[in-house]
Amino acid sequence: MIDDRTLGELIDAWLLDESDAAMPDDQLEMALATCRTTMQVGGRRLPLNLGSWPRPARLTSVALLVLLGLVALVTALQLAGAPPTPPPPTVPTLSSGSILYQDYSNGWIIAIAPTALSSGHEIAGDVAGDHLAPAWSPDGTRVLFTADRSGAAELFEYTIETGLSQPITTCSQPCRADREGSYSPDGRSIAFVRELAASDENGAGCALMVLDRPSGAIASISQVRACADRDRDPRWSPDGSEIAFWRERQEAGNDVPEAAILTMGREGGSERQITDWSLNAGDPDWAPDGKQLAFDTFPLFSFQGPSFASNIHVVRPDGTDDQALTTFAHDVKRATQPRWTPNGEGITFTLSRDDNGALATHLQLLSVMDRRVSPIVLGTHVAEFGSWQAVAGAP
Amino acid sequence: VVNADLVRLAARGDQVAFESLIRLHSGELYSVGVRILRDHDAAADAAQDAIVAIWQHLPELRDPDRFEGWAYRILVRSCVSESRRRRAAIANVIRLAPPPTTEMDIGIDVANRDALERGFRALDVAHRAVVVLHHYRGMTLREVGEVLGIPTGTAYSRLHYAHRQLRGAIDADMRSSSRPRMRQ
């Protein structure tokens, strides 16, 4: 297998290895001629002489004019007493507490929305870099996150009461990065992914680790694998005895990667594969009673492109009784990144929509009982990995 | 007249300024379009659509200094549309003829070029655009994200996915080929 640097150099050379012919004069002149004849409509310039246009642009303009007409018609109907606007969506009273998520604003940030249907505010601004993969502490007083500074990533913990962050892991040779941490149920251990520098001809590798906070000891609980095919997003079972994670692999001759959910004991050891590779499952999360795992199919950032239908599923930890809770049929809308609410009655997830290559992601709440879906955070178009805070005394 | 001045004048409706601006940038837009779509005719149509869209929407551009990235975003959208239009008539797409190569300036052999071409064509336009803007235009992933209106993380993951596809194509080619590969 060729390494990253060689691949990059090959792509550079291949893309430069094209003639840099100028745009054909006739088509350039036709486009400029089209621009010369325009009309101004509501701040937009619309061409008038549609007949002389190339077909694609002509169709676009006709569609725009039809759209303007429809907007005017709808507005007129509303003014004439059309049915009133439906009331804003309500959220079932599934959980109390704040919602934690990652957002994008000139870089990745971590934000907290104080209640459902509110806007979030940034936290952990005292740490430089992109902030990713946020996770609540079991008592809801702290937040674990990854601070990524140009690939050199470390885990930090933010304390809600003080508003301050402190490093959880110190990553030095052979460690290259620590990512994707989650607390054990008693808060005394943290499972995470560590990237290790190349120790032999196999190059850098990644492994799951567990940090024992009282002693500061870090132990590897999985084999070192190539980071592109690594184990990801470790999540503790409610009794702390097992860890669920997902693994990505790329079989020889198959251009599309595969993914599956696995579990192992907290000390490592024998793995149990929960889902079949063909399901392409990822992002597992344990139900609060430990009787089910929620997961998604075709995790959002590992599977991009046409024909990936992402949905939220639940399955028993022994791999039986797999049920799809959402039924999105293709990649225009996808449901990924499930996290159970503390009371086990709902699952937050990321609903993404691909708009001509631009991805909008919104946090939603899925009721496990009736499968109703409601928005939970307002004021952002990039909200991912949302999770609900555990609050003492909450239902 | 600097670029930003041309942009301001064109945004106010100055046709001469707009045509000067487009003649400055049409070559770059076309080159990027060719690399994304892998077809000269399709790239010319996409660039044509992009030029008209640039004229239509130029009054909405707030910062003239960001014209180039903004124009690339419009071009990529035109490439997406052009790709969809041509998908039904795929048989008419003309494969790019490989240009003459020399030992001095090219570090890529025929087999790798074919594998990259095959792997690249299997990607959708959104992924191709990230590869071209990053590897050909030399943009950082943050810049790519800004141009395409996507988070840096999304740009990163698209590039990662594209690399996997391209690496897979090259590896598959290497495994299937038992004959020694010759430089062209």
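Which residue stands opposite A:Gln102 in E4(A)? The tour starts with that pair and then moves through both chains; the model on the screen is a predicted one.

**Stop 1: an open sheet in chain A**

Select A:Gln102 together with A:Ile110, the residue that stands opposite A:Gln102 in E4(A). Now widen the selection to strand E3 (residues 99-104) and strand E4 (residues 108-113) of chain A, which run antiparallel and are joined by six bridges. Strands of a sheet pair through backbone hydrogen bonds, in either a parallel or an antiparallel manner.

These two strands belong to an open sheet of four strands in chain A, with the order E6-E4-E3-E29 and antiparallel pairing. At its edges lie strand E6 (121-123) and strand E29 (383-388) of chain A, each of which pairs on one side only. When the view is rotated, note that neighbouring strands of this sheet are turned against each other by 35° on average, direction ignored.

**Stop 2: two residues with positive phi**

From E6, proceed to A:Ala124, which is found in the loop between E6 and strand E7 (130-136) of chain A. Phi of A:Ala124 is near 60°, a positive value in a residue other than glycine. Is A:Ala124 buried or exposed? Its relative accessibility is 2%, so A:Ala124 counts as buried.

Next, select A:Arg371 in the loop between E26 and strand E27 (373-375) of chain A. A:Arg371 is not a glycine either, yet it has a positive phi of about 65°. A:Arg371 counts as partly exposed because its relative accessibility is 38%.

Strand E26 (residues 358-367) of chain A contains A:Leu365. With a relative accessibility of 1%, A:Leu365 counts as buried. Display A:Ile347 as well: A:Leu365 and A:Ile347 are 18 residues apart in sequence, and their C-alpha atoms are 5.7 Å apart in space.

**Stop 3: a strand with partners on record here**

Select strand E17 (residues 242-249) of chain A, where six of the eight residues are buried. Strand E16 (residues 231-236) of chain A pairs with E17(A) in the antiparallel sense over four bridges. To see one such pairing, pick A:Arg235, whose bridge partner in E17(A) is A:Ala244. E16(A) and E17(A) form a hairpin with five residues between them. In the turn, A:Gly240 has a positive phi of about 75°.

Then add strand E18 (residues 258-265) of chain A, which runs antiparallel to E17(A) and is joined to it by eight bridges. Here A:Ile243 stands opposite A:Met264 in E18(A).

**Stop 4: where chain A meets chain B**

How many helices and strands does chain B have? Chain B has eight helices and zero strands.

Select helix H1 (residues 4-16) of chain A and helix H5 (residues 110-121) of chain B, which pack at an angle of about 90° with their axes 10 Å apart. Angles of 65 to 115 degrees count as roughly perpendicular, so H1(A) is roughly perpendicular to H5(B). On the side of H1(A), show A:Leu10, A:Ile11 and A:Trp14; these meet B:Asn112, B:Arg113, B:Leu116, B:Glu117 and B:Phe120 in H5(B). The residues of this contact divide into five nonpolar, one polar and two charged.

A further contact between the chains can be seen at A:Gln27, which is placed in helix H2 (residues 25-36) of chain A. A:Gln27 is buried, with a relative accessible area of 16%. Apart from its neighbours within four places in sequence, A:Gln27 is in contact with B:Ala44, B:Asp45 and B:Gln48.

**Stop 5: the interior of chain B**

Chain B comprises 184 residues, of which 57% count as buried. Among its contacts between residues at least 6 apart in sequence, 69% join residues at least 24 apart.

Which residues touch the most other members of the largest nonpolar core? Select B:Phe18, B:Ile36, B:Ile51, B:Ile54, B:Phe67 and B:Leu148, which hold that position in a core of 82 residues. Helix H3 (residues 40-57) of chain B gives the most to this core, with eleven residues. In soluble globular proteins, nonpolar side chains tend to be buried together.

Finish by centring on B:Phe67. Residues up to four places away in sequence not being counted, B:Phe67 touches B:Val7, B:Leu21, B:His25, B:Ile54, B:Leu58 and B:Leu61.

Definitions and conventions:
Residues numbered from 1 in each chain as written. Chains lettered and ligands numbered in written order. Predicted model: local features only at pLDDT ≥ 70, side-chain atom pairs only at ≥ 80, totals over all residues. Heavy atoms only, no water. Pairing = 2+ DSSP bridges. Axes fitted to C-alpha atoms, helices over the stretch in contact; angles between N-to-C directions. Parallel < 35°, antiparallel > 145°, perpendicular 65-115°, else oblique. Contact = heavy atoms within 4.5 Å. Nonpolar A, V, L, I, M, F, W, Y, C, P; charged D, E, K, R; others polar. Core = buried A, V, L, I, M, F, W, Y, C linked by side-chain atoms within 4.5 Å. Buried < 20%, exposed > 50% of the residue type's maximum accessible area, 1.4 Å probe, protein only.
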